[in-house]
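Notebook open, structure loaded. I'm jotting things down in the order I looked them up.

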Amino acid sequence: MIPWLERHSPFPPLHSAMRNPNGLLAAGGDLSTERLLAAYRQGIFPWYGEGEPILWWSPDPRMVLFPDELKISRSLSKTLRNKAYEIRFDTSFDAVIEGCAQSRSGQTGTWITAEMRAAYQRLHALGHAHSVETWIEGGLAGGLYGVAIGAVFFGESMFSRARDASKIALVALVGRCKAQDIRLIDCQMHTRHLASLGARDMPRLRFSQLLQELIHYPRAAVHWTHAGYTNSPCHS
């Protein structure tokens, strides 16, 4: 049995998370701003489906991307050089989260429920959650969103409506992180796609230790709104 969180219950220790499914830590609680920020600061994130209780996770290992370790393939490098696109930050957060929520091919639902969207929209309004957007010919072609605390960006989801659009957004995020001295991008769970871009697995204990070193960096919660990075997503 996993612990059930009441409104003001603290999270259980990370080492108590289940091995199967990997990282399931607790259920219940709420998606208030206070609860979500407390979760991220401890290396915990919500992930659940429509009709399920809120489920909280801390997998072991944890997939992370250090900005200096981003890998750009030859094909992506060509896209970055030649394709006409524009990078924007925080100009269409709602549209990005909606794009991420749309079911992928072969899937019958989404974990980004209406409740989740509302929670992250509140975080965005307060300057904690951010979107990175790839625009092509005046339309939103792809992007990603996540939460920034201290020197960590906690990635949540990405989507693409055009080839490489989400990868372009990730490259732009890395550039933004370098410019703002954000030293770690949390990718949550292992995927081959993220591994191909330079992300790697880290033991949960080491991730938790590193997190405590980085989340206390003083940083104001502000919007990243800025447009005009056409064809230069590596620099922000």
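**Two odd aspartates.** I started with D164: is it buried or exposed? Its relative accessible area is 12%, and buried means under 20%, so D164 counts as buried. This is a predicted model, so what I note here is read from predicted coordinates. D164 sits in the loop between strand 9 and helix 5. Its phi is positive, about 70°, although the residue is not a glycine.

I then looked up D90, which is also not a glycine and has a positive phi of about 60°. D90 belongs to the loop between strand 6 and helix 3. With a relative accessible area of 6%, D90 is buried.

**Strand 9.** Since D164 follows on from strand 9, I went there next. Why call strand 9 largely enclosed by the rest of the structure? Seven of its nine residues, in the run 152–160, are buried, so that description fits.

On one side I found strand 8 (residues 139–149), joined to strand 9 by eight bridges, with the two running antiparallel. Y145 faces S157 of strand 9 across that pairing. The two strands make a hairpin with two residues between them, and G150 in the turn shows a positive phi of about 60°.

Strand 9 also pairs with strand 10 (residues 184–188), through three bridges and in parallel. There F153 stands opposite I185 of strand 10. To get from strand 9 to strand 10, the chain passes through helix 5 (residues 165–179), and this β-α-β crossover is right-handed.

**The sheet around it.** In what order do the seven strands of this open sheet run? I get 6-7-8-9-10-5-11, with mixed pairing. Strand 6 (86–89) and strand 11 (200–202) are the edge strands, each pairing on one side only. From one strand to the next, the twist averages 35°.

I also checked strand 7 (residues 129–136) against strand 8: eight bridges, antiparallel. In that pairing T134 is opposite G142 of strand 8.

Which helices lie across these strands? Helix 3 (residues 93–101) lies across strands 7, 8 and 9, at about 100° to strand 8. Helix 5 lies across strand 5 (62–65) and strands 6, 7, 8, 9 and 10, at about 40° to strand 8.

**Nonpolar cores.** A reminder to self: in soluble globular proteins, nonpolar side chains tend to be buried together. The largest nonpolar core here has 49 residues. L31, W56, Y120, Y145, V147 and F154 have the most contacts inside it. Helix 3 supplies the largest share of this core, five residues.

I picked V147 for a closer look. What does V147 contact, beyond its neighbours within four places in sequence? The list is L37, Y40, Y120, L123, H128, A129, V152, F153 and F154. Apart from the largest core there is another one of 30 residues, among them L65, I87, F153 and A199.

**The other sheet.** W56, from the core list, turned up again in strand 4, opposite A26. Strand 2 and strand 4 are antiparallel and joined by three bridges. They belong to an open sheet of four strands, ordered 1-2-4-3, with mixed pairing. Strand 1 and strand 3 (45–46) are at the edges with a single partner strand each, so one side of each has no neighbour in the sheet.

**Cis peptides.** Where are the cis bonds I noted? One joins N20 and P21, with omega about 0°. P21 is in the loop between strand 1 (4–5) and strand 2 (24–28). Another runs from D60 to P61, with omega near 5°. P61 falls in the loop between strand 4 (55–57) and strand 5.

**Confidence check.** I left this for last. The chain has a mean pLDDT of 91, and 92% of its residues reach 70 or more. For residues 105–109 the pLDDT stays under 50, and the model gives that stretch two contacts beyond four places in sequence. Residues 227–236 are below 50 too, but there the model has 31 contacts beyond near neighbours in sequence.

Note on methods:
Residues are numbered from 1 along each chain as its sequence is written. This is a predicted model: local features need pLDDT of at least 70, side-chain atom pairs count only at pLDDT 80 or more; totals for chains, interfaces and linings use all residues. Side-chain values use heavy atoms; hydrogens and water are left out. Buried means under 20% relative accessible area, exposed over 50%, partly exposed in between (1.4 Å probe, protein chains only). Two strands pair if DSSP finds at least two bridges between them. A crossover is right-handed if, with the strands pointing away from the viewer, the path from the first strand over the helix to the second runs clockwise. Axes are lines fitted to C-alpha atoms, for helices over the stretch in contact, and angles run from 0 to 180 degrees between N-to-C directions. Contact means heavy atoms within 4.5 Å. pLDDT is the predictor's confidence in each residue, from 0 to 100. A nonpolar core is a set of buried Ala, Val, Leu, Ile, Met, Phe, Trp, Tyr and Cys residues joined through side-chain atoms within 4.5 Å.
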